[in-house]
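I opened this notebook to record what I looked up in one structure, taking helix packing, aromatic rings and burial in turn.

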Amino acid sequence: MIDIKLIADNIYQIDDHLYSIPKWGSVYLVNEEKKALIDTGPTTSVTAVLGGIEKAGVKPEDIDYLIVTHVHLDHAGGAGTLIQEMPKAQMMVHHKGARYLVNPERLVSSVAAAQGETMTAKLGEVVPVPMERVKPVNDGDVIELGNNQVLKFIDAPGHAPHELCIYESRNNGLFSGDAVGISVVDNEVLLPVTVPPSFDLKAYFKTLNKLMALKIKTIYYAHFGASDNAQEDLRLTKSKLEAWEDLMDKTVTKEGLDGAAKKFGDRLCAELEPIRNEVLLYRYLVEGLVPLNITGYLQYYQKRHDVN
């Protein structure tokens, strides 16, 4: 089933059925004089993405820009396969992530080591993007899609050092990737994403402050859908990270890293309780995202505080 939704003027959300879970992965089509696709999903989502583009009345060969918010494979794993269907598309990626699209072996190995072969199977084969198709971008770079639509790239580290947010001028909105976290089930649950290997709390706070200053109206989440409460969401993400930092500081002192890991996990699972009835999504988040969030946060904490 192909699920698309017009969520703002000239912007379609495409459900890429990430890991065969509905309403978990979003890809966005910006349909202007020039056309852009924001994120690709993994290779296993390519059929859903191409179907969504066509359902929106656009031909894949008419896409001018294929943009990834960062190179994690649930966002960019399908780039090499998709771009074969988009002969004129330029591949736009953070300058720190460009090499991983051209040679994705290290990314695939990292996923296999951290999450096992089952996850690599869910992602599918990762096809390299030809070097000549890749355009590395920097903070402040812009592309004009039409008279009323300019996309501006924003360096947004914290979740990953190669993370971009993309501001769109027509609707005063922001494609956030994972920079603001996940927001699922009609914004019922919002959680920051602290997965390994490169979570950096200090950088995350700086990014959130930077995004708050933009006074955006809408956030287009990669996981999942749009929220018109952008400033409230940004404040909530920041407050949750502050609360988690406080929890870790207090618990590590009294109970050590193992005790902190357990309490952090309990906190995350409690925050997911409102979506327990979304069986597939809830199970994935509890069994997949929660352990990754714990691992990423603990790695950061150990490095930051020189704790063994």
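The entries below follow the order in which I looked things up.

**Entry 1: the model.** I note at the outset that this is a predicted model, and I read every value below as computed from it.

**Entry 2: α8 and α9.** How are two packed helices described? I used the angle between their axes together with the distance between the axes. For helix α8 (residues 230–272) and helix α9 (residues 279–305), I found an angle of about 155 degrees, with the axes 10 Å apart. Angles over 145 degrees count as roughly antiparallel, and α8 and α9 are therefore roughly antiparallel to each other. I also looked up the handedness, and α8 passes α9 in a right-handed crossing. Sorting the residues of this contact by class, I noted 18 nonpolar, four polar and two charged residues.

**Entry 3: aromatic pairs.** How many aromatic pairs does the structure hold? I recorded eleven, and I then looked at two of them in detail.

I began with tryptophan 24 and tyrosine 284, whose ring centres lie 5.5 Å apart and whose planes stand at 55 degrees, so I entered the pair as tilted. The pair links distant parts of the chain, since tryptophan 24 sits in the loop between β2 (11–15) and β3 (26–31), while tyrosine 284 belongs to helix α9, 260 residues apart. Are these two residues buried or exposed? Tryptophan 24 has a relative accessibility of 3% and counts as buried, and tyrosine 284, with a relative accessible area of 15%, is buried as well; the cut-off that I applied for buried is under 20%.

I turned next to tryptophan 244 and phenylalanine 264, where the ring centres are 5.1 Å apart and the planes are at 70 degrees, so this pair is edge-to-face. Both tryptophan 244 and phenylalanine 264 are buried. Following the ring pairs further, I found that they link Trp244 and Phe264 with Phe199, Tyr204, Tyr297 and Tyr300 into a cluster.

**Entry 4: helix α1.** I then checked how far helix α1 (residues 46–55) is covered, and I entered it as mostly covered, with seven of its ten residues buried. Which residues of α1 are buried? I listed Val46, Ala48, Val49, Leu50, Gly51, Gly52 and Ile53. Tracing what these buried residues pack against, I noted the strands β1 (4–8), β2, β3 and β4 (35–38), together with α3 (79–82). Last, I looked at what follows α1 and found glycine 57, whose phi is positive, near 90 degrees.

Notes: Residues are numbered from 1 along each chain as its sequence is written. This is a predicted model: local features need pLDDT of at least 70, side-chain atom pairs count only at pLDDT 80 or more; totals for chains, interfaces and linings use all residues. Side-chain values use heavy atoms; hydrogens and water are left out. Axes are lines fitted to C-alpha atoms, for helices over the stretch in contact, and angles run from 0 to 180 degrees between N-to-C directions. Helices (H or I, at least four residues) and strands (E, at least two) are DSSP runs, numbered from the N terminus. Angles under 35 degrees count as roughly parallel, over 145 as roughly antiparallel, 65 to 115 as roughly perpendicular and the rest as oblique. A crossing is left-handed if the near helix is turned anticlockwise from the far one by less than a right angle, and right-handed if clockwise. Ala, Val, Leu, Ile, Met, Phe, Trp, Tyr, Cys and Pro count as nonpolar, Asp, Glu, Lys and Arg as charged, and the others, Gly among them, as polar. Rings of Phe, Tyr and Trp (its six-membered ring) pair if their centres lie within 6.5 Å; planes under 30 degrees apart count as stacked, over 60 as edge-to-face and the rest as tilted. Buried means under 20% relative accessible area, exposed over 50%, partly exposed in between (1.4 Å probe, protein chains only). Contact means heavy atoms within 4.5 Å.
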